[in-house]
Amino acid sequence: MEEQGAMEGIPRGWAGVRTLPWYVAGSQVLGVACVVITGVWMGHFYGGYAWDGSPQQFNVHPLCMVLGLIFLYGDGVLVYRVFRNESKRSVKILHALVHMMALVISIVGLVAVFDYHNSANIPNMYSLHSWCGMLTFVLFFLQWLLGLSLFLFPWASTVLRSWYLPIHVFFGLALLAMAVGSSLMGITEKLLFSQPSSSKLAPEAVLANVLGLLLVCFVVLVGYVVTREEFRRPPNPEEEALSVHFNTLNESSRPNSP
């Protein structure tokens, strides 16, 4: 009976929350491994990095996209779980800043590949990989702008925020999955262009395939952490009361519609 009483004193879901740091640590190990393997792949097999219109400039593209559009983007999604007990506004700002870093690094990666293609007289946007990758980037940019304007600044009404929040959350995970899918197509395309037709599995192909598997594991683990109910941010009555009070004041200060 005493043991049952002690168990009843533990908040619901606490046992699950205690595993959160392990899942987050696992995601970071996977994410860093993806970035490192991408760097080794481009550096060891393709001569490193440059910004002079040479093939080494192309190598900047996969490294930046894995670092920005996958690893940092995934970390930006995770901040609401990692800092679940911190001030909500502080977490919002961190979420926006991490995704801004991901956006800037992704832009560098895109500029690198477009500039290299133009220098080498290679057509742009000729493959399914490039189409899906560009669609992912454009949607990510729009998602970031809408999230910044609706959730970080006070002009939006509570009704508008409540309507858009599920859409924002859905596309947050969907875009991460799209980024990984585009990367898998890019890995396959790179191997097809660079590997001679042979029945033997080359070391480069092994490394690239391992990278693809780790990318899939990363997005699956991030998705699991974000969607698991007991890992969600606990409700804070004081923050909710302040938010309602602020929105009431904000809406009452607006002129009435004619």
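Asn121 is exposed, with 70% of relative accessible area. That residue sits in the loop between H6 and helix H7 (128-152), and its backbone does something worth a look: phi is near 55 degrees, a positive value in a residue other than glycine. Keep in mind throughout that this is a predicted model.

Asn121 has a companion in that loop. Met125 also lies between H6 and H7, and phi of Met125 is likewise near 55 degrees, again positive in a residue other than glycine. Is Met125 buried, partly exposed or exposed? It counts as partly exposed, because its relative accessible area is 29% and the partly exposed class runs from 20% to 50%.

**The overall picture**

Stepping back, the protein has 10 helices and zero strands. Read along the sequence, the pattern is α-α-α-α-α-α-α-α-α-α. Of its 258 residues, 41% count as buried. The protein exposes about 14900 Å², and carbon and sulfur atoms supply 70% of that area. As for how the chain meets itself, take the contacts between residues at least 6 apart in sequence: 76% of them join residues at least 24 apart.

**Helix H6, inside and out**

Helix H6 covers residues 88-119, and two of its residues make a nice contrast. Ser106 lies in this helix and is buried, with a relative accessible area of 0%. What does Ser106 touch, leaving aside residues up to four places away in sequence? The answer is Met65, Gly68, Leu69 and Phe137. There is also a C-alpha separation of 8.3 Å between Ser106 and His61, which are 45 residues apart along the chain.

Val108 is found in H6 too, but this residue is partly exposed, at 34% relative accessibility. That value lets Val108 qualify for a surface patch, because patch residues need over 30% relative accessible area. The patch in question is nonpolar and amounts to about 660 Å². Val108 shares it with Trp51, Ile93, Leu97, Met100, Val104, Ile107 and Val111.

**Helix H8 and its bend**

Helix H8 runs over residues 158-194, which makes 37 residues. From its first C-alpha to its last, H8 reaches 53 Å, close to the 54 Å expected at 1.5 Å a residue. Where does H8 bend by about 35 degrees? The bend is at Tyr164, and a proline, Pro166, follows within four residues.

**Salt bridges**

How many salt bridges does a search of the whole structure find? It finds two, and here they are:

| Side chains | N to O distance |
|---|---|
| Arg228 and Glu230 | 2.6 Å |
| Glu229 and Arg232 | 3.7 Å |

The distances make sense of the listing: a pair counts because its side-chain nitrogen is within 4 Å of a carboxyl oxygen. As for how open these residues are, Glu230 is partly exposed at 28% relative accessibility. In the other pair, Glu229 is exposed, with a relative accessible area of 58%, while Arg232 is partly exposed at 43%.

Notes. Residues are numbered from 1 along each chain as its sequence is written. This is a predicted model: local features need pLDDT of at least 70, side-chain atom pairs count only at pLDDT 80 or more; totals for chains, interfaces and linings use all residues. Side-chain values use heavy atoms; hydrogens and water are left out. Patches are made of residues with over 30% relative accessible area and no salt bridge: like charges are joined within 9 Å, nonpolar side chains (Val, Leu, Ile, Met, Phe, Trp, Tyr) within 5 Å. Accessible areas come from the Shrake-Rupley method with a 1.4 Å probe; for residues, only the protein chains shown count as cover. Buried means under 20% relative accessible area, exposed over 50%, partly exposed in between (1.4 Å probe, protein chains only). Contact means heavy atoms within 4.5 Å. The expected span of a helix is 1.5 Å times one less than its number of residues. The bend at a residue is the angle between axes fitted to the seven residues ending there and the seven starting there.
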